[in-house]
Amino acid sequence: MLILGGTGEARRLAGLLPGEVVSSLAGRVSDPRLPSGEVRVGGFGGVSGLVEWLRANGITAVVDATHPFAAGITANAVAATAVVGVPLLVLRRPGWEQGPGDDWRWVDSLEEAAVDLPGERVFLTTGRQDIRVFAGVDRFFLARSVEPPEPPVPQRIRVLLERGPFTVDGEVALMREHAIDVLVTKDSGGEQTSAKLVAARILGIPVVVVRRPPAPAAPTVETVDAAVEWVRRGSAGG
Ligand code: NAP
């Protein structure tokens, strides 16, 4: 079985299926957290490359456990598994839900988020590949990512190289220290990075939330346990 990874869920799933899986990482991070078991790193070369790889490695099922915003590899997985005729399961954690006291502004894209930001000092947690979208925006940015961003970046920026999980107390202190008055995030979901949303609520600051790309046309589960069950049932045998 192939697990398309790069998430905590993918690592946990690989850990629960010893000896049965190959995990695949894109290779974006120089020091990735590795799943247990066999791992391959790097792109496949589009749909045709993935088709070839699935055939060459005798793959009989694929779980796409990539990040909800990794729409390219997910689309490739849908297309390639259809060509090869192997079952595909998408493991996608639920998105975040707005609660009482939250001031969230939903947008459809990072580009939309960059227009008319409702604040002057922005905490940007969208990931290093997305920082470039804000390059021409005249605000102060506190940008947090795992790897350093590549230019172009905003003129006024402070980069924090950190990896979650984060705590509410830590996020409140960080936002206070930098006098943050708006948070920009993608709707990644999950508990590893949700503390910033609670911190924003506590501090009464608005959050610009980028909606997820459309869900893929494939069977989808929200938890690692449900994915294990799918595998145990014989990889979509039903
Ligand atoms: P993407 O835009 O959907 O994919 C772009 C290309 O990267 C794909 O066409 C594929 O290249 C390669 N790729 C992506 N994920 C791969 C994987 N797991 N194994 C092998 N190749 C992969 O992806 P992305 O948004 O840049 O994300 C890259 C990786 O980082 C994903 O594995 C994802 O789970 C993880 N990640 C992404 C985010 C995010 O916000 N996007 C956040 C956290 C983690 P080929 O066409 O050559 O096969």
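**Exercise 1. Determine which residues of helix 6 (residues 195–203) are buried, and describe their surroundings.**

Solution. Step one: in helix 6, the buried positions are A195, K196, L197, A199 and A200. Buried denotes under 20% relative accessible area, exposed over 50%, and partly exposed the range in between, with a 1.4 Å probe and protein chains only. Helices (H or I, at least four residues) and strands (E, at least two) are DSSP runs numbered from the N terminus. The model is predicted: local features need pLDDT of at least 70 and side-chain atom pairs count only at pLDDT 80 or more, whereas totals for chains, interfaces and linings use all residues. Residues are numbered from 1 along each chain as its sequence is written, and side-chain values use heavy atoms, with hydrogens and water left out.

Step two: the buried residues of helix 6 pack against strand 6 (104–107), strand 8 (140–145), helix 5 (168–177), strand 10 (182–186) and strand 11 (207–210). Contact here means heavy atoms within 4.5 Å.

Step three: G204, just after helix 6, adopts a positive phi of about 70°.

**Exercise 2. Carry out the corresponding analysis for helix 2 (residues 46–56).**

Solution. Step one: G49, L50, V51, W53 and L54 are the buried residues of helix 2.

Step two: their packing partners are strand 1 (2–4), strand 2 (22–25), strand 3 (38–41), strand 4 (62–64) and helix 3 (71–84).

Step three: just after helix 2, a positive phi of about 60° is found at G58.

**Exercise 3. Establish what surrounds R40, a residue of strand 3.**

Solution. Step one: R40 is buried yet has no salt bridge, and the nearest side chain of opposite charge, E38, is 8.2 Å away. For charge, Lys and Arg count as positive and Asp and Glu as negative, while His and the chain ends are not counted. A salt bridge requires a side-chain nitrogen of Lys or Arg within 4 Å of a carboxyl oxygen of Asp or Glu.

Step two: the R40 side chain reaches the backbone oxygen of G42 at 2.8 Å. A polar contact is a pair of N or O atoms within 3.5 Å; within protein, one must be able to donate a hydrogen and the other to accept it, and residues adjacent in sequence count only if both atoms are side-chain atoms.

Step three: neighbours within four places in sequence aside, R40 is in contact with V22, S23, S24, L25 and W53.

**Exercise 4. Characterise three salt bridges by their distance, location and exposure.**

Solution. Step one: the count comes to 13 salt bridges. Among them is the pair R163 and D31, whose closest N and O atoms are 4.0 Å apart. This pair links distant parts of the chain, with R163 in the loop between strand 9 (157–161) and helix 5 and D31 in the loop between strand 2 and strand 3, 132 residues apart. R163 is partly exposed at a relative accessible area of 33%, whereas D31, at 52%, is exposed.

Step two: R92 forms a salt bridge with D64, the closest N and O atoms being 3.2 Å apart. Because R92 lies in the loop between strand 5 (88–91) and strand 6 and D64 lies in strand 4, the pair ties together parts that are 28 residues apart in sequence. R92 is buried, with a relative accessible area of 11%, and D64 is buried at 0%.

Step three: R201 and D102 meet through their side chains in a salt bridge of 2.8 Å, N to O. The pair links distant parts of the chain: R201 is in helix 6, D102 is in the loop between strand 5 and strand 6, and they are 99 residues apart. R201 is partly exposed at 35% relative accessibility, while D102 is buried, with a relative accessible area of 12%.

**Exercise 5. Identify the closest residues around the ligand and the polar atoms that approach the ligand.**

Solution. Step one: 22 residues surround the ligand, and the closest are G5, S24, F44, G45 and K186. A residue is near a molecule or strand if one of its heavy atoms lies within 4 Å of it.

Step two: a backbone N or O atom of F44 lies 2.6 Å from a ligand oxygen atom, and for a backbone N or O atom of A70 the distance is 3.2 Å. An N or O atom in the side chain of K186 is 2.6 Å from an oxygen atom of the ligand.

Step three: helix 3 gives the most to the shell around the ligand, with four residues.
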